[in-house]
Amino acid sequence: MLVKGLLPVLLVILTCTALCAQKVYTKNGKISFFSKSSVENISADNNGVVSVLDEATGELQFSVLMKGFHFKKSLMEEHFNENYVESDKFPKAIFKGRITDLSKVNFGTDGSYEVTVSGDMSLHGVTKTLTQPGTIQVKGGVVTAVSTITIRLADYNISIPAVVKSNIAPVVDVTVDCIYDQKM
Amino acid sequence: MTRTSVLLLGFVFSGLSIRAQDHPAPDLLSAIDSQSAPPTSYASATFKTTRLINGHTVEGLGKGVLDFKISHRFGKLNGGGYQLWGLDNATMRMGFDYGITDRILIGIGRSTFEKTFDLFFKVKLLRQSEGDINMPFTVSYIPTMAWTTLKFDKSRKNLSSSRYSYTHQLLIARKFSANTSLQLMPTFVHQNLVPLATDHNNMFAIGVGGRQKITRRTSFNAEYYYQLPSTQLSGSTNSLSMGFDIETGGHVFQLHVTNSQGMTEKQFISNTDGKWGKGDIFFGFNISRVFNVGKQRRKQVTPSGT
């Protein structure tokens, strides 16, 4: 009799954990990068980043279409795809990691939480382990992930010929800004 | 009843624990990727520049991009040591191409050969793509007008219209892989003045061309125009050219050998008279330098919802 009474309560709790700790995603997250050199500044924006965040486990994943980066100069865009990241061979950059200090984040309460994200980043056929600080913002139940990371091009086998060595920075700043407004 | 409840609960919990201890990095992305059709991906850089060798490629220029081109053809290789195998002589063409939009280009040029001006448009009608929109080819249409300003032969009656000739080309190209691209060029040439009374004013040709990348920044190119024999000028030969593209930043250098001396469509497609077998081979180069002069491209439009 006791068990019989408990069952609906347990079911409610189970459903709640499933609902409250949900998976959220976006298909139009933003990633930009910036290369500063004495000759010219190069920047590009990608507004179609796919990213998923599992609030229960802290799993955080990104899928970035390389051809989705748009430059101000069309020739830069062509060279980026053809000569540097080789988009035909390696169409996507993928990051699969997790928020290592998930306990700091309360997805139920509005606020800004400094976290650390660690995982594997695949770019241009090279996979590297990355650990980077970032910010999780919760506002009105919507989660936003913001981070700025630096990427050393040589780490990902992206070589710069001597002729344009002074045009392209060896380390570029990458800015991530994803609003997880979709629920799975 | 109680037993079934306990069983049910046990089942739910065991399911939950399995889920919690699942693989360390479950693939969350594939669930989303499979929800929607892949976005359309357009083939870019089917060729390195707007010219294959003498003729055009399907490529245009970005909006507001100016391409300054200098092209040289030295003399015939069979000129012998006296002419330093052709290097003593040269014809050249200087020209500007400008991207009005990402798909429409206008160009002007002046060749020393036959003192010819040329004016053309290039319109990209179709773009090779995969994904949401599938299109196997890139297709560009190029109408060209050439104006020859050589002094007239006074011994005959001359009309100012004799100086003009017109070319229409439809270029159909496919980038088969990152390294290999091929192009077909059906061509129509109309010349108001032809050398002989028995020559046709209208000429049809079909060109084939392609590029094979050797490294990321160099490629081997070839181009051949076959003239429909019943329409070609008497004594003319088909144009065959081979060469290399070398790209360095904003420059593209093209080095080649060809049996055509002229560099506008009418001159090399229908008025070539060099024969490879006899050593009528011209060494030449094109240099392209790109400048961003117009308004910079608009940033990508943010999808709705952000």
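Two strands count as paired when DSSP finds at least two bridges between them, and strands here are DSSP runs of E with at least two residues, while helices are runs of H or I with at least four, both numbered from the N terminus. With that in hand, look at L126(B), which stands opposite V139(B) in β7(B). The strands concerned are β5 (residues 116-126) and β7 (residues 138-148) of chain B, and they pair in the antiparallel sense over 8 bridges.

This is a predicted model, in which local features need pLDDT of at least 70 and side-chain atom pairs count only at pLDDT 80 or more, while totals for chains, interfaces and linings use all residues. Residues are numbered from 1 along each chain as its sequence is written, and chains are lettered from A and ligands numbered from 1 in the order in which they are written.

**Chain B: a barrel and one of its strands**

Chain B holds a closed barrel of 12 strands with antiparallel pairing, running β2-β3-β4-β5-β7-β8-β9-β10-β11-β12-β13-β14. From one strand to the next, the twist averages 20°, with axes as lines fitted to C-alpha atoms and angles running from 0 to 180 degrees between N-to-C directions.

F282(B) belongs to strand β14 (residues 282-292) of chain B. F282(B) counts as buried because 23 other C-beta atoms lie within 10 Å; the cut-off for buried is 20 or more, exposed means 12 or fewer, partly exposed is in between, and C-beta atoms are placed from the backbone. Leaving aside neighbours within four places in sequence, the contacts of F282(B) (C-beta atoms, placed from the backbone, within 7 Å) include R73(B), F74(B), V257(B) and G274(B). S236(B) is 46 residues from F282(B) in sequence and 16 Å away in space, C-alpha to C-alpha.

**Chain A: layout and pairing**

Chain A has 2 helices and 10 strands, following the pattern α-β-β-β-β-α-β-β-β-β-β-β along the sequence. Of its 184 residues, 30% are buried. Among its contacts with a separation of 6 or more, 57% join residues 24 or more positions apart.

Here are two strand pairings from this chain:

| Strands | Sense | Bridges | Opposed residues |
|---|---|---|---|
| β5(A) and β6(A) | antiparallel | 6 bridges | G97(A) and G119(A) |
| β6(A) and β7(A) | antiparallel | 13 bridges | D120(A) and T129(A) |

β6(A) and β7(A) form a hairpin with 2 residues between them, and H124(A) in the turn has a positive phi of about 55°. Another positive phi, of about 50°, is found at E86(A), just after α2(A).

In α2(A), the buried residues are S74(A), M76(A), H79(A), F80(A) and N81(A). Their cover includes β2 and β4 (70-71) of chain A, together with β2 (65-76) of chain B.

**Nonpolar cores**

A nonpolar core is a set of buried Ala, Val, Leu, Ile, Met, Phe, Trp, Tyr and Cys residues joined through C-beta atoms within 7 Å. Which residues touch the most other members of the largest nonpolar core? They are L53(A) and Y180(A), in a core of 37 residues. Elements of chain A that each supply at least two residues include β1 (23-36), β2 (41-54), α2 (74-84) and β9 (171-180). The largest share, 6 residues, comes from β2(A).

Beyond four places in sequence, L53(A) is in contact with V24(A), L60(A), V143(A), A145(A) and Y180(A). A second, separate core has 7 residues, among them V189(B), A205(B), M263(B) and F268(B).

Methods: Contact = placed C-beta atoms within 7 Å.
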